[in-house]
Each structure stands twice: as structure tokens, then as C-alpha cells.
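Here's a quick question-and-answer tour for anyone meeting this structure for the first time. Have a look, then read on.

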Amino acid sequence: MSHVFHRSSKGTLPVAAKGDGVYILDTNGKRYLDASGGAAVSCLGHSHPKVVQAIKDQVDQLAYAHTGFFTNQALEELSDHLIARAPGDLQYVYMVSGGSEAMEAALKLGRQYFIEKGEPERRHFIARRQSYHGNTLGALAIGGNMWRREQFSPILIDSNYVPPCYAYRDQRPDETPEEYGLRIADELDERIRQLGPETVIGFVAETVVGATAGALAPTEGYLKRIREICDRHGILLILDEVMCGMGRTGTLFACEQDGVAPDIAAIAKGLGGGYQPIGAMLCTGEIYDTIRNGSGFFQHGHTYMGHPTACAAALAVQKVIDEENLLENVRQKGAKLFDALTARFGNHPFVGDIRGRGLFQALEIVADRGTKDPIEPAVQIHAKIKKHAMDLGLMCYPGGGTIDGKRGNHILLAPPFIVEDSHVEEIVGKLDDAMKAAFAEAGL
Ligand code: PLP
């Protein structure tokens, strides 16, 4: 059990003591290559001197000032930085402390936007099955991972679901990936019509699915079709780029590669690179203006939003990404990682799919490559791989196996953007060894 209360994790987990580039050292001096960036967080690796200095400088000047009384320099600069680089009409930033908070803000903003437009009957969100958007009640409610929702469902808002864009699993033999993607996108149109377009607030999706499916990118044309459908019915497109955003896939926003911009975007993880807890919601001028010219006030807020230290850290992270041209490294090393994974695991009997964008790559683990049947969930193969990888000094992010017993497990890789060729080799070599040990332990 990894999500433990903290006193009980003592003795069951190594104690992280120090960061060193792409490595974390524990209190015994053992080094772990952070091939997952934690949970796709540590985009600059650990202890980057420029970020550490920026945090120190900020705390020296001012650690905290409530946004009800003040704005602050770091908040303003970070907002400008993001807006200058955001796709489409995203023009306003609402800073929060993490991914779930960003999603909560997105959902509430969507609802309030339509109320202020005089359309209070809009109350439905549509999301995708097998999705994760956070663990707070609102974000959990729209998530399509039913096992996570189950025990809380009586206190969650109702959500509506359409299938994810999962070509490896669901594409028919008689269609191309593009045809499949368009067919699946059209299920959103059908769902909106069933609910009544005048009752729908928005469609929520991760641009590239992270934890619940493993670096699952949309097929060509899928997101464009989704955008068209949202526009046709006048509903909002809310993209969750908490995990896949902020450069992880090789462009700052993953949706840039699909030629699509949302009405609302949620970002977090790579925004602050783990140096401070921070997330943000971005929205279009149209949404912002509707509320400003209506009640004038988005009914939301958190004590730590726009926190100067968090903003200074995130600004430093984002500036380093620009100054060191790291998105280019994400693209180059991402291609290297994909090639190395394909060379090593392309014929592996238990690896059904290798996929991803940039430094966001995954292996889908199956019992049989032909049938794509998953390994029995009770085997917990992904957890075994994680454990053996940790023993070997490698962090990788395991997932899946819980969906409906029909989907495979996956291993997600999201190493820091500063990763070098030697690290790519170390990741693939150690992952191979960890998988051998895990399959042997499972008797496979
Ligand atoms: N959305 C996505 C796609 C995520 O992957 C996560 C976290 O893993 C969240 C939202 C929630 O973010 P947080 O854990 O920072 O609340």
C-alpha cells in the first residue's frame, strides 16, 4: 500500500534524503534514477541550482501574502509567462496548489460561466471512462475510474461517460486509427444529444492519458473532431493537462500537437517541477469577461493560491526550460527512449504496446500479445515491477489492472527533461532486469 498515512510508511519505504539531477538518494546513500519524475512531476530533476536559488531569494524577500490583499511579482510574472505561451484564446490564469484544485476550479468556472450567461439549466459534465482527474470530491466525481468512485458515489455529483480514445484496445480490424478516433469522438456527439445539449456544461479529458492508461495519446484528428462537436453544441472543452502538460510531451501544452485549444485547461505537476506545490487553471477571455461583466467575481478561492514562493519556483522552472531549450531535449530524448524501449521490448511476450509522446512513454503489459488479455489482476504485476525496479535503483510508475479486469497493466516512464543518453540506457536496462525479476516472481 503506497498511499499510507505518513507515520505508518516508516520502515516500509526508503527515506528520501537528497536530490542530484535525475537521481534521488535515500538515507543509506542508495541512488534511484527518477525515470517517472515521481508521478510525472520532476521535469527538471532534483536540486536544480537556479530553482533552489529562486526559492531562497523569494523567501528572503517575502514568503507569503494573501491574494485577497495583494498580488505579487512572481505571480504576475508567472501568469504573463504562461499566457504568452498558451494556445488559442487562453488568456487568464488562476493559480492554485495542485492538479485536483486546478480541476475543481475548472468545473466550478464552467458552471458559473453558464449561470452568468443565463443558462443555469446546464449542469452535466461528460468525461471519459478510465479517466482520472484528481481525488477531491468534484474532480473524483468526473473521473471515469469506477473503482475509485464506488464508495464515495452517494456524495459525488453524477457524471456521464464516453469511451476513451484507445486504439490499441478498441480499434476494429476494418478501420484505420484515424477512422477509429473519429468514430469514438462521435460518441460524444451522441451522448450530448441524449442528455440535451442545453443541459451540458462541458467535456473533460486528458489530452494524453497518463496514470490510468499509460501515455495514451489521441489518434490523429480525434481531438479536432471533439473540438468541433463541443463548438457545434456550445459546450466547453476542458483539457486536463495536469500530467501531460508543461512540456512533458515535447510541446508546452500537449494539445498543441493536435492543433486544438481548449476553453479551459488545468496544469500542475511539471509547472513547478516538484520544487513547490502549484497548479493553475487557464481560461479564455470569453469566459473571464462573461463573469467579470456579470457578477464580477468567480466564486472560488484558496488560502495558498498565487503563493509567492510557489510562483517563484515555477517561474524559475519554466525559465530554465526556455533558456536551456529543454523542449527540444524532450523531443530528442523522447524519440531515443521510444526507440530503446522498442528495441528491448518490441518482441517481449508480455509487452503488448509501447507508446507515448516526448518523455511520456509507457509499456502496456499483457498476458498474451495476440489476445491482449491482461495478466490476472491479483498478480499485481505492475506493483511487482515497481518493487523490483526500486530494488535496482529505478523509479517507474505502475498503473492499471483495475479497470474492469479487461485492460492491461502499464508502466509509465516520465524522466526529467535533462535526461541524457546514458540515463536512457540505464532506464531501459534496469527496467528489463526488474521485469525479468517480476515475471519470475509471478511464475510467468
Ligand atoms: N489530473 C490528472 C490527469 C492527474 O494525473 C492528476 C494526478 O495524478 C490530477 C489531475 C490530480 O493532481 P493532484 O494529485 O496534484 O491533485
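Q: What makes the place of Gln-380 a loop between two elements, and which ones?
A: Gln-380 sits between strand 12 (360-365) and helix 13 (381-391). Helices (H or I, at least four residues) and strands (E, at least two) are DSSP runs, numbered from the N terminus. This is a predicted model, where local features need pLDDT of at least 70, side-chain atom pairs count only at pLDDT 80 or more, and totals for chains, interfaces and linings use all residues. Residues are numbered from 1 along each chain as its sequence is written.

Q: Why does Gln-380 count as buried, exposed or partly exposed?
A: Buried takes 20 or more other C-beta atoms within 10 Å of a residue's own, exposed takes 12 or fewer, and partly exposed is in between, with C-beta atoms placed from the backbone. Gln-380 has 18 such neighbours, so it counts as partly exposed. Its phi is near 55°, a positive value in a residue other than glycine.

Q: And why is Met-246 called buried?
A: Met-246 has 31 C-beta neighbours inside 10 Å, so buried it is. Met-246 lies in the loop between strand 8 (236-240) and strand 9 (264-267), and its phi, near 60°, is positive too.

Q: How do you know how confident the predictor is in the chain?
A: Check pLDDT, the predictor's confidence in each residue, from 0 to 100. The chain averages 95, and 96% of the residues score at least 70. Among the elements of the chain, helix 6 (residues 146-149) has the lowest mean, 85, and strand 8 the highest, 99.
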